[in-house]
Amino acid sequence: MEMVGRLISSGQWHWRPEVEECRLLGLPLVSVTLPPGNRRRRLAQAGRVLGRMGVRRVMADVSFDGWPELAHWGIAPVDPLPLCQAKGGELALALLEKYPLKNRVAALCGAVADRTAWALADSLCPQTGVLLLDFHQGGEELAGHLRRAYGAAPPGLGQGLRPQVTVELSPCQTLGGEVLRLWGSPDLAGLELQWKKAPMPEGVDPLMLLEVLWETGRAEAEGIGVVCQRNVLDRTMENTYNTG
């Protein structure tokens, strides 16, 4: 199994970073504590020791900005995008739930209508009044699937419909409303993901930690809730379909 690292900044001086194999919420980690001092030198020391131990992905605090230096040693940050995309339907519905179901207008856009787009469309279509699609490739096939599965005929853009929420799967023209960015560095539009089983510890990006817990099967997708205004939003999917 791949070993993941964790970087911790310390105010206590040492000759070199302290390295420890430990567990965090049951997850085995290589923890590297960075003492104060010359930043470039400390990060180079951390990169060398992590590389020797076979660690290629690392978690750190949200404010950590030393990734360019670590990239020189083949060390990359844990990417939370796969988890965010897997939870994309729930995130979008959390933004839409203040609107009556029949009045909800959502947009799904990106370069290619891939598996992620199909999964999100299947999640959103039954829970919206209108689902707009804007893809450079594969959009017609996805629209056909929605017509067959739900009797929904996604209208074309430019018909006066403005989405309340736009889900972006790659850089694209802004269609309006709140934007849920599920590409690059995810932007969850003020929402958060939270593990219902245990709170996230301080000093580590919670999305990074959740991603690894989910990848390794320690956290199931159903056990990760969408948080807005400190409330975990558990919703029962209504079996109501739009009819175009």
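## Two residues with positive phi

In this predicted model, A189 counts as partly exposed because its relative accessibility is 22%, and partly exposed covers the range between under 20%, which is buried, and over 50%, which is exposed. A189 lies in the loop that joins β9 (178-181) to β10 (192-195). Although A189 is a residue other than glycine, its phi is positive, near 55°.

L25 also has a positive phi, of about 55°, and is not a glycine. The loop that holds L25 runs between β2 (18-24) and β3 (27-34). With a relative accessibility of 31%, L25 counts as partly exposed.

## The hairpin of β2 and β3

The loop with L25 belongs to a hairpin: β2 and β3 are its two strands, with 2 residues between them, and L25 is in the turn. Strands of a sheet pair through backbone hydrogen bonds, and the pairing can be parallel or antiparallel. In the hairpin, β2 and β3 pair in the antiparallel sense, over 7 bridges. Within this pairing, E21 stands opposite V30 in β3.

## The parallel sheet

A sheet of 4 strands shows parallel pairing. The sheet is open, and its strand order is β7-β6-β8-β9. Which strands stand at the edges? They are β7 (130-137) and β9; each has a single partner strand, so one side of each is left without a neighbour in the sheet. From one strand to the next, the twist averages 15°.

Within the sheet order, β6 is followed by β8. Strand β6 (residues 105-112) and strand β8 (residues 165-168) pair in the parallel sense over 4 bridges. An example of facing residues is A107, which stands opposite T166 in β8.

## The packing of α5 and α6

Two helices, α5 (residues 115-124) and α6 (residues 139-150), pack against one another at an angle of about 35°. Their axes are 11 Å apart, and the crossing of α5 and α6 is right-handed.

Which residues of the two helices meet? From α5 they are A117, W118, A121 and D122, and from α6 they are E141, L142, H145, L146 and Y150. By character, the residues of this contact comprise 6 nonpolar, 1 polar and 2 charged.

Technical notes. Residues are numbered from 1 along each chain as its sequence is written. This is a predicted model: local features need pLDDT of at least 70, side-chain atom pairs count only at pLDDT 80 or more; totals for chains, interfaces and linings use all residues. Side-chain values use heavy atoms; hydrogens and water are left out. Axes are lines fitted to C-alpha atoms, for helices over the stretch in contact, and angles run from 0 to 180 degrees between N-to-C directions. A crossing is left-handed if the near helix is turned anticlockwise from the far one by less than a right angle, and right-handed if clockwise. Contact means heavy atoms within 4.5 Å. Ala, Val, Leu, Ile, Met, Phe, Trp, Tyr, Cys and Pro count as nonpolar, Asp, Glu, Lys and Arg as charged, and the others, Gly among them, as polar. Buried means under 20% relative accessible area, exposed over 50%, partly exposed in between (1.4 Å probe, protein chains only). Two strands pair if DSSP finds at least two bridges between them.
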